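Good morning, and thank you for coming. Please look at the sequence and the structure on the screen while I take you through them.

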Amino acid sequence: IGHEHAPVGARISLSAGIASVGHGVAATAEALIEAADDALYRAKSAGRNQVALAKQDRSGSRALGRTG
C-alpha cells in the first residue's frame, strides 16, 4: 500500500490475525479476541504482509468451545 507521508518509507504493510466461530460454537467475545490476537502474533512473526488464521482443534472446530 502506498503511503507518501510515512516517515520510514513510501509503503506500509499489513499483518492480520483472523478468528471466527460457526453455528453451534459457543464462544465469549474475550475468547474470540484472544484467538485472533494469537493468530496476529503468528502472522507478525512470519514477516510483513501476512495473514494467519486461528488454530483449529482436531475436530476442525476453533479452540473456543463447542456446544452440543
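Let me begin with a term that we shall need: a patch is made of residues with over 30% relative accessible area and no salt bridge, and nonpolar side chains are joined into a patch within 5 Å. In this predicted model, Ile18, Val51 and Leu53 form a nonpolar patch on the surface, with an area of about 280 Å². One of these residues, Leu53, belongs to strand β2, which covers residues 51-53.

Next, the overall fold. The chain has 1 helix and 2 strands, and their order along the sequence is β-α-β. There are 68 residues in the chain, and 16% of them count as buried. The chain exposes about 5200 Å², of which 54% comes from carbon and sulfur atoms. If we take the contacts between residues at least 6 apart in sequence, 52% of them join residues at least 24 apart.

I now turn to the loop between α1 and β2. Ala46 is located in this loop, and the helix before it, α1, spans residues 29-45. Is Ala46 buried or exposed? Its relative accessible area is 52%, and exposed means over 50%, so Ala46 counts as exposed. Ala46 and Ser15 are 31 residues apart along the chain, yet 9.3 Å separates their C-alpha atoms.

Asn49 is found in the loop between α1 and β2 as well. With a relative accessibility of 53%, Asn49 is exposed, because the cut-off for that class is over 50%. What is the sign of phi in Asn49, positive or negative? The angle is positive, near 55°, and the residue is not a glycine.

Finally, a word on confidence. The average pLDDT of the chain is 79, and 78% of the residues score at least 70. Where does pLDDT stay under 50? This is the case over residues 58-62, for which the model has 7 contacts beyond four places in sequence. Where pLDDT is low, the predicted coordinates should not be read in detail. Thank you for your attention.

Notes:
Residues are numbered from 1 along each chain as its sequence is written. This is a predicted model: local features need pLDDT of at least 70, side-chain atom pairs count only at pLDDT 80 or more; totals for chains, interfaces and linings use all residues. Side-chain values use heavy atoms; hydrogens and water are left out. Patches are made of residues with over 30% relative accessible area and no salt bridge: like charges are joined within 9 Å, nonpolar side chains (Val, Leu, Ile, Met, Phe, Trp, Tyr) within 5 Å. Accessible areas come from the Shrake-Rupley method with a 1.4 Å probe; for residues, only the protein chains shown count as cover. A salt bridge is a side-chain nitrogen of Lys or Arg within 4 Å of a carboxyl oxygen of Asp or Glu. Helices (H or I, at least four residues) and strands (E, at least two) are DSSP runs, numbered from the N terminus. pLDDT is the predictor's confidence in each residue, from 0 to 100. Contact means heavy atoms within 4.5 Å. Buried means under 20% relative accessible area, exposed over 50%, partly exposed in between (1.4 Å probe, protein chains only).
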